[in-house]
Amino acid sequence: MNDTWYDDTLINKFEQKEHLANNQKCAVLIVGGGLAGLCLLYKLKKNNVDAVLIEENHIGSGASGRNGGFCLSGWAQDYDVLLKYLSEEEVLTLEQIAASGVEWMKKKCLSEGYEHTNLQSGVLKCFLTKNIEKVKKDVIAQNKLFNQNEKFINKEKLSKYVCSSRYTCGVLRQDSFQFHPLNFMHALAKDCSNLGASIFENSKFISYQIDGGRINSRVFNGNEMVKVQSEKIVFATGGYGGKEIKDLKNYWLPIKTFIGVTKPLGNELHSVLKKPLGFSDNRRAGNYYRVLPGNRLSWGRGISAVGKFTSLSLKRAISKEINYFFPELRNVEIDYVWFGNMAYASHYMPYVGSIKIGNEEKNVFTLMGFGGHGMNTAPGSAMVLADFIL
Ligand SMILES: Cc1cc2nc3c(=O)[nH]c(=O)nc-3n(C[C@H](O)[C@H](O)[C@H](O)COP(=O)(O)OP(=O)(O)OC[C@H]3O[C@@H](n4cnc5c(N)ncnc54)[C@H](O)[C@@H]3O)c2cc1C
């Protein structure tokens, strides 16, 4: 059995065509084959920019191919917090970027080559709060501000969607969706490859130097150290970048979050989760869960910056959590368990744009820090950065 359920159900795998040779030259070198890096590559290649992507492991082996598979608008930081620091106009622009990411992903999922992404519409956020009036008020305010169509659902109606005595109300977002993120990543890599993009897996960025306006990077291609020369470099290394990204490392904390997938369950699964939606709850490190093909329940939960975890302890913790919300499922057994790293900055927002490290430069960019909300914000931000670079 593979690491994740996604690995075991990967269809249409991207195959790298060539190996990274010494003295590769390009206009833009993208470091990191997650959703951020790949979306940037896609947009740059669409515009005939000579961009090359290197990935330390495999396409989607970071957070992008092992996440909960929920795609919905918004950012890791809440809008009511952003409104304390930014004007309403700026927040509206941010929401447009976040929503454009959802639209872009949805369009892709529904296009040729992406058949195995299994898009299912609708995400229902369930609340454990007693302050139901506030939830209702927030929905009205948010719908008005962003011209959205989120639907408040009271406790009685909620039981038509999900049966748990823990929840007091819900908010349904019909324009959001769930999908198979690893199949998406491989379809997107193929798309980029069809546009003539070079993607090199097993190629770890080690360091770079700026020499006469050119950026000389050292990359380990699995066998030897090779040189890549580029005009620009973009770090899209998510929560996986180490000391090789120099001082940049100090701006993010890698935070782990965990997913378990149950053994196939019987019909009792559909008596508690009555609609084929994605479900989440309103705690900061809340649960996010959905039914996968084969009647398995995928359950994401928790965050941690420290500590070691055994499969057994994670399986027990996830089974216990499922039991807390759905005792009818009776201590389900977990078949798969895994975790992934997310990059969080102290303000919970990403860094997107050119950066200065020490006295250096305007041709070094970052595209990272998407936290637990990257499936829309990474593509939305990649498109903005691509436009800037273009
Ligand atoms: C378990 C889990 C569940 C989540 N659930 C959701 C969800 O349901 N919805 C949602 O919107 N978001 C979710 N997220 C967050 C989302 O997955 C991330 O925000 C998003 O994938 C970040 O994309 P990225 O491209 O920035 O990073 P990543 O996908 O992590 O990609 C970074 C890549 O850079 C590579 N790399 C790092 N250093 C180097 C180097 N030196 N050289 C070459 N390559 C390098 C890594 O190997 C990695 O593949 C979840 C995250 C996790 C971990």
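Q: Before we look at the ligand, what counts as being near a molecule here?
A: A residue is near a molecule if its C-beta atom, placed from the backbone, lies within 6 Å of it. Keep in mind that this is a predicted model.

Q: Okay, so how many residues surround the ligand?
A: There are 43 of them. The closest are Gly34, Gly62, Gly238, Gly340 and Gly374.

Q: Which elements give two or more residues to that shell?
A: Those are helix α2 (35-46), the strands β8 (204-211), β11 (253-262) and β15 (334-344), and α10.

Q: And how do the shell residues divide into nonpolar, polar and charged?
A: You get 22 polar, 16 nonpolar and five charged.

Q: You mentioned α10. At what angle do α4 and α10 pack?
A: Helix α10 (residues 374-389) packs with helix α4 (residues 88-109) at about 105°, and their axes are 7 Å apart. Angles of 65 to 115 degrees count as roughly perpendicular, so that is how α4 and α10 sit relative to each other.

Q: Which residues meet there?
A: From α4, they include Ile97, Gly101, Trp104 and Met105. On the α10 side, Met375, Pro379, Met383 and Val384 are among them. The contact's residues divide into nine nonpolar, six polar and no charged.

Q: Switching topic: how many residues are in the largest nonpolar core?
A: That core has 95 residues. Its largest share, eight residues, comes from α2. Among those with the most contacts inside the core are Ile30, Leu40, Val234 and Leu367.

Q: What does Val234 touch?
A: Leaving out residues up to four places away in sequence, Val234 touches Val28, Ile30, Val31, Leu40, Phe365 and Leu367.

Notes:
Residues are numbered from 1 along each chain as its sequence is written. This is a predicted model: local features need pLDDT of at least 70, side-chain atom pairs count only at pLDDT 80 or more; totals for chains, interfaces and linings use all residues. Axes are lines fitted to C-alpha atoms, for helices over the stretch in contact, and angles run from 0 to 180 degrees between N-to-C directions. Helices (H or I, at least four residues) and strands (E, at least two) are DSSP runs, numbered from the N terminus. Angles under 35 degrees count as roughly parallel, over 145 as roughly antiparallel, 65 to 115 as roughly perpendicular and the rest as oblique. Two residues are in contact if their C-beta atoms, placed from the backbone, lie within 7 Å. Ala, Val, Leu, Ile, Met, Phe, Trp, Tyr, Cys and Pro count as nonpolar, Asp, Glu, Lys and Arg as charged, and the others, Gly among them, as polar. A nonpolar core is a set of buried Ala, Val, Leu, Ile, Met, Phe, Trp, Tyr and Cys residues joined through C-beta atoms within 7 Å. A residue is buried if 20 or more other C-beta atoms lie within 10 Å of its own, exposed if 12 or fewer, and partly exposed in between; C-beta atoms are placed from the backbone.
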